[in-house]
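Take a look at the structure below. The paragraphs after it lead through its nonpolar cores and its salt bridges.

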Amino acid sequence: MRILIIEDEIDLAKSLARGLKDEGYAVDTANDGEEGLFSALSNDYDAVVLDIMLPKIDGWKILEKLRTKKKTPVLMLTARDQTVDRVRGLDSGADDYLIKPFDLEEVLARIRAIIRRSANLTSNSITVGDVILNLASKTVTLKNKAIDLTAREYSLVEFLALHKGEVITRTQLYEHLFDENESSLSNLLDVHVSKIRKKLGPDFVVTRRGHGYCVG
Amino acid sequence: MKLPSSIKWRLQLWYGLILIFVLSALGFAAYTMQRTRTYHDIDDELKLRTNILNEALHPVNQRGARRPQNPPPPRRQSPDTEPTERPALQSPPPPQAAIVFQPKSQDESLFGSENPGGYYFTIITHTGVVLGKSSNAPTLDINQINTSASTKGPITRTTRNTIRETHFVTRIGDSIIVGRDISNELAHLKINALELAGIGIIVLSLGLMGGYWITAQALKPIITISQTAEKISASDLSKRIELSHSEEELSALAKVLNSTFERLETAFNQQKQFTYDAAHELRTPVAIILTQAQSALKKERSSAEYIETIEACLRAAQRMKRLIESLLELARFDSGQELLTKTQISVNSLITDCVDLVEPIAKEKNITLSHAPCELTIHADYEKLSQVLINLIINAIQYNSIGGSVELTAYAKGNSCIIDVKDTGIGIDPQKLQVIFERFVRLDESRKGSNAGLGLSICKAIVTAHGGAIEALAAQPTGCIFRVTLPV
């Protein structure tokens, strides 16, 4: 899962990024509207955290422009707490709305929720054969036995499970699992996949030669 | 007893009391007049009869002669002479001897039980002998009559409640008592009094009803005003009192109230906006501290990460501290608690000191800072005015274009000293020039600076406290001028 944070308060952006990275998300940050809009349009993010008051281009405009091109779920952050602002935010195409100050846990929960909704899921668990993923606790069980996965491994399993039945290309996986600052070696993905197969069974992830990977 | 506090009831009470007083006075006067007239009529009749009897007893042609020497009157039954009569009177007189006088036949109808008025008479000589009486005359206490008849002339009085009597003492000392039962007249008077009281009560209740209606009508607009005022104070300050133009005094009151509500609403909205803005400004630093601390505590971190977190929290806390300081400073100016330490200061040294302080910032941004010498001195608080000028100069530097300049000029105009801070930046939106000194208004909405849009508000508060004025003007060809006008 790759998330973009557009927030001009550097300290706030940093703490959000750290909190999200700890959850296994790949995180990019943009500190002004222009940079944020460019990043949001040029990458396929799984979610965008967008502040409203931004230098250069404000949050409303970014949302407007983003919606003409992409369906990326957007969580808006703002210091305005009046109903008109909330209504405006949601009407402009924001998927959720969070008022400052907020708890980190709430941001994380709302990001999980908008990602889940964008994958058309109604509950927090995904079942793939004998494997059950819990999106809220980020845990995986195989035949009711808890399996210990690293954050990156979990992200990979989660991304594939959210796109159950679809073939996901290596490029897509790179884009969604690694942020722009990570110098990812091309075989890093194969290492993760082989580890997942060891833990969840050799048939859990199917390799489609020349196309990519698929689960379910 | 506690008086009712409502104007309506108090008016009603006073009105009622006055009405009762006036009606009682009128009723009493009417009754007294009626009573006097009744008695007067009765007394006239009694006097008339007394005179008739007197005439009969002492015919006018014999006036001056003593009765004992007179030939006995024709109707005197006793032919005895005076000397023989006297001794007879000294002994208890025989009952028939008492009836010694009969009125003339034409006068007889004036007395007796058949007489419609029920008049009676008794004639008693000065020696106490009953000379004559009508058939319906009551038995009298002779002694009492004699003592009371010490004065000559008629005495009229009411005895035994319903008897009106005239006691006339003739020139020789005989008593003629004419009386009648006046219970009929008294009953009439009583009925009259009751009628008057009844009329009084009807008039009073009509009056009270009328008074109630008039009071209610007169107070109706006041009630409307108070109801509206209540509604306004309870919920919605935007409501206003509507009144017809006819009630001049009340519409004036309504106007006063409306303008008060107007000012209240403005002040209230400003206060609301101020509180909202202040809370708004605190949201971001609080969000920083919360998320920084929460993400740092999620798992074990390196000491570099901890330092970074603590520094971020510190920055947020300092930002809040500055905001709180600014708010408190404004609050002190608002409540008039901020005291100015005024001294005679030279405008030139004030400007030079400020420019020297800000010079490094200007150099950093490649801005030329210049000022013209000025000979003026003003009576002002040096510290506070430095704060104003530094704030204005820093703003002028921050919003300037690269390689621009900031120019300070001071000059006298009338009784004022004017200090202009002119920059060559992009200038300010003409719409914003009006509101730039209002709290939490920023030149650039997204600029989350250190003073949260309170810097210029504080400048304004300081200048206003000095009795001066501050304004923002558009400069030619570009930029803007912040003009501080101070009294010399």
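What follows starts with the cores and then turns to the charged pairs.

This is a predicted model: local features need pLDDT of at least 70, side-chain atom pairs count only at pLDDT 80 or more, and totals for chains, interfaces and linings use all residues. Residues are numbered from 1 along each chain as its sequence is written, chains are lettered from A and ligands numbered from 1 in the order written, and side-chain values use heavy atoms, without hydrogens and water.

A nonpolar core is a set of buried Ala, Val, Leu, Ile, Met, Phe, Trp, Tyr and Cys residues joined through side-chain atoms within 4.5 Å. Buried means under 20% relative accessible area, exposed over 50%, and partly exposed in between (1.4 Å probe, protein chains only). The largest such core has 53 residues. Leu16(A), Ile111(A), Leu173(A) and Phe204(A) have the most contacts inside it. Another core, of 50 residues, lies apart from it. Phe333(B) and Leu385(B) are among its members.

Now the charged pairs. A salt bridge puts a side-chain nitrogen of Lys or Arg within 4 Å of a carboxyl oxygen of Asp or Glu. By this rule there are 26 over all chains. One joins Glu308(B) to Lys14(A), at 4.0 Å from N to O. This pair crosses between chains. Glu308(B) is partly exposed at 36%, and Lys14(A) is partly exposed at 39%.

Glu305(B) and Arg301(B) also meet in a salt bridge, at 3.6 Å. Arg301(B) is buried, at 9% relative accessibility, whereas Glu305(B) is partly exposed at 26%. A network of salt bridges links both with Asp22(A) and Lys299(B).

Key. Helix = DSSP H or I, 4+ residues; strand = E, 2+ residues; numbered from the N terminus.
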